[in-house]
Amino acid sequence: MLNGWFLWFILFWVVVLISLMAIGGFFMFRKFLKALPKDDGKSVLDWEEYYVNNTIHLWNEDQKVLLNELVSPVPELFRPVAKQKIAGKIGQLALEEKATSITRELLIRGYIIATPKRDHKFLRKKLAELKIDVTPYEQFFELSADMPRGK
């Protein structure tokens with residue numbers, strides 16, 4: 001029978017491992033839900049990829065640099081996912097508006113809309129660091145990613 005410090009050691013690791021598996025499972029389940037097809041036959045990830053692929057030619061180097069700068073506060077592990085989601089939203093707006101190129105205004109608007117409400121404080125801080133006035137974009141903070149919008 002286990003007793004003393006070894007019992008507590010084993011119990012500690014059981015709790016740690018179950019907690020880590022639960023956290024990992026939560027994030028895997030969220031990714032799984034995004035990969036499920038919707039009514040139109042495409043998943044959220046499929047639409048993101050569609051918008052990025054159909055607007056990749058509209059991006060110039062300055063806008064790519066600005067997007068990289070805007071997503072820099074996101075932890076490096078999650079940065080590619082954030083960039084894909086934001087670029088997808090920017091691409092969606094560009095296709096809806098039949099834009100001929102990705103402009104700074106379109107990029108900032110898409111970035112704001114694609115950002116969840118819980119991250120708006122960090123978003124505003126980053127835009128202030130870049131000396132970008134958010135006043136013209138205030139209405140887009142209400143169209144945040146937490147609210148269902150379009151596809």
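**A note on helix α5 and its surroundings**

1. In α5, the buried residues (buried means under 20% relative accessible area, with a 1.4 Å probe and protein chains only) are Leu106, Leu107, Ile108, Arg109, Gly110, Tyr111, Ile112, Ile113 and Ala114. That makes 9 of the 11 residues in this helix, which spans residues 104-114 and is mostly covered. Helices here are DSSP runs of H or I with at least four residues, numbered from the N terminus.

2. A word on the source: this is a predicted model, in which local features need pLDDT of at least 70 and side-chain atom pairs count only at pLDDT 80 or more, while totals for chains, interfaces and linings use all residues. Residues are numbered from 1 along each chain as its sequence is written, and side-chain values use heavy atoms, with hydrogens and water left out.

3. What covers the buried part of α5? The cover includes α3 (61-70), α4 (79-96) and α6 (120-129).

4. Next, the largest nonpolar core (buried Ala, Val, Leu, Ile, Met, Phe, Trp, Tyr and Cys residues joined through side-chain atoms within 4.5 Å). It has 27 residues, and Ile102, Leu107 and Ile112 touch the most other members. Two or more residues each come from α3, α4, α5 and α6, and α5 gives the largest share, 7 residues.

5. Ile102 is worth a look on your screen. Beyond its neighbours within four places in sequence, Ile102 is in contact (heavy atoms within 4.5 Å) with Leu58, Trp59, Gln63, Ile90, Ala94 and Leu107.

6. Now for the packing of α4 against α5: the angle is about 125 degrees and the axes are 8 Å apart. The axes are lines fitted to C-alpha atoms over the stretch in contact, with angles running from 0 to 180 degrees between N-to-C directions. The two helices are therefore oblique to each other, a label for angles that are not under 35, over 145 or 65 to 115 degrees.

7. The α4 side of this contact is Lys85, Ile86, Lys89, Ile90, Leu93 and Ala94, and the α5 side is Leu106, Leu107, Arg109, Gly110, Tyr111, Ile113 and Ala114. By type, these residues divide into 9 nonpolar, 1 polar and 3 charged; Asp, Glu, Lys and Arg count as charged, Ala, Val, Leu, Ile, Met, Phe, Trp, Tyr, Cys and Pro as nonpolar, and the others, Gly among them, as polar.

8. Finally, Arg104 lies in α5. Arg104 is partly exposed at 43% relative accessible area, a class between under 20% (buried) and over 50% (exposed). Leaving out residues up to four places away in sequence, Arg104 touches Gln63, Leu66, Leu130 and Ile132.
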